[in-house]
Amino acid sequence: MRAVQLVELAGPEGLRLVEIVEPHDPTRVVIDVHAAGVCFPDLLQTTGSYQMSRELPCVLGLEGAGVVRSAPEGSDLATGRRVAVLTAEGGSWQQTVIADRSSVFPLPDSVSLTAGAGFLVNYLTAHFALDERARYRAGDVVLVHGAGGGLGIAALHIAAALGLETIAVVSNLEKAAVSADSGATHVVMTDGWKQRVQQITNGHGVDIILDPVGGGRFTDSLRSLAPNGRLIVLGFAGGEIPTVKVNRLLLKNISVMGAGWGEYLQTNPGHLARQWKALYPLLESGVLRVPEPTLYPSTHAADALGSVKERSAIGKVALSFD
């Protein structure tokens, strides 16, 4: 079968499209992959910068979607069932994957296979950040940095489905349009964003900030929090890892928290099922929308990952394996 492997730690240029032996395990679910998600941790793995290193060569990809070919006897998954799958172990950038039943999620008819391919990592991370870490409350105002990227758009959709007001911070007009279409209540540009937020909130500030970017705007984010506000660190797509002068936390009783969804699941494995139970009805009813990703053929995996590296991608990026 076809697979995209990382063969050297050289960034996206270290990827190769290869033929490998198809996996098989009668005790696990076998899925024929239609499309596979591309995300920032994949990029970090190509340079050895991710917190979990893997022996080369390895297949990248944390998530995908496809059709069940077979499942263990007694499983509730029938052959032909459309599913999304988490594939942290073996990678999703290949034509066939195997996974434990706990990592396979039946998709409602409202979600296409291409959209489902990029749903799990970003949307469950955003839900974890708002629900488990920020402990959102009705009436909270949520600011989302990097709102035109895959995680940012997922955060806007999740917040909208939960009935929360949002402020999207974006770097260009194209991303502004996508953020508005993704449920953002307000959209502001990165230049002068702090002043606009103060205007929108009448000087009160926002209750929750979701920040996958980091970098130089971090201190202004702290200043933009309302009393008892929570800043949730999701990553450092901007490159620079900021520091906190903790005396700032005392001024308005604000908090800075990390949201490491994957790490949390390692010690709280039941949380994944609880998240799916909460989100599936929203997906099925259409209250939670999942947009189509920017789709690249598997032969252009380096270009797909390059768009994440250059932060030129609008929304989610995925690879097609059909």
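1. In this predicted model, strand 5 and strand 6 (residues 82-86) are antiparallel partners, joined by 5 bridges. One pair in this register is Val-67, whose bridge partner in strand 6 is Arg-82.

2. Strand 5 (residues 63-70) also pairs with strand 3 (residues 29-38); the two run antiparallel, with 6 bridges between them. Here Ile-31 faces Val-68 of strand 5. As general background, strands of a sheet pair through backbone hydrogen bonds, in either the parallel or the antiparallel sense.

3. An open sheet is made of 3 strands in the order 2-1-4, with antiparallel pairing. Its edges are strand 2 (15-19) and strand 4 (58-59), each of which pairs on one side only. Strand 1 (residues 2-6) and strand 2 share 5 bridges in the antiparallel sense. Arg-2 has Glu-19 of strand 2 as its bridge partner.

4. Arg-2 has a further link through its side chain: a polar contact of 2.7 Å to the side chain of Ser-298. Ser-298 lies in the loop between strand 15 (294-297) and helix 11 (301-309). Is Ser-298 buried or exposed? With a relative accessibility of 5%, Ser-298 counts as buried. Leaving aside residues up to four places away in sequence, Ser-298 touches Arg-2, Val-4, Leu-17, Ser-320 and Phe-321.

5. Helix 11 comes after that loop. Its buried residues are Ala-301, Ala-304, Leu-305, Gly-306, Ser-307 and Val-308. The elements they pack against are strand 1, strand 2, strand 3, helix 1 (40-45), strand 15 and strand 16 (317-320). As a general point on α-helices, there are 3.6 residues a turn, so residues three or four places apart point the same way. Following helix 11 is Arg-311, which has a positive phi, near 55°.

6. The largest nonpolar core has 51 residues, and the members that touch the most others in it are Phe-119, Leu-120, Leu-210, Ile-232, Trp-261 and Leu-288. Helix 3 (residues 120-133) gives the most to this core, contributing 8 residues. A second core, separate from this one, has 29 residues, among them Val-83, Val-85, Ala-301 and Leu-319. In soluble globular proteins generally, nonpolar side chains tend to be buried together.

7. Which residues does Phe-119 touch, not counting those up to four places away in sequence? The contacts of Phe-119 are Glu-63, Leu-124, Trp-276, Leu-279, Leu-283, Leu-288 and Val-290. Of these, Leu-288 is also listed among the core members that touch the most others.

8. The number of disulfides in the structure is 0. Cys-39 is in none, and the nearest cysteine sulfur to it, that of Cys-58, is 13 Å away. Why does Cys-58 form no bond with Cys-39? Because the sulfur of Cys-58 is 13 Å from that of Cys-39, its closest cysteine sulfur, the pair is too far apart for a bond; the cut-off for a disulfide is within 2.5 Å. Cys-39 is buried, at a relative accessible area of 5%. Cys-58 also counts as buried, at 5% relative accessibility.

Notes:
Residues numbered from 1 in each chain as written. Predicted model: local features only at pLDDT ≥ 70, side-chain atom pairs only at ≥ 80, totals over all residues. Heavy atoms only, no water. Buried < 20%, exposed > 50% of the residue type's maximum accessible area, 1.4 Å probe, protein only. Pairing = 2+ DSSP bridges. Helix = DSSP H or I, 4+ residues; strand = E, 2+ residues; numbered from the N terminus. Core = buried A, V, L, I, M, F, W, Y, C linked by side-chain atoms within 4.5 Å. Contact = heavy atoms within 4.5 Å. Polar contact = N/O pair within 3.5 Å; in protein donor to acceptor, adjacent residues only side chain to side chain.
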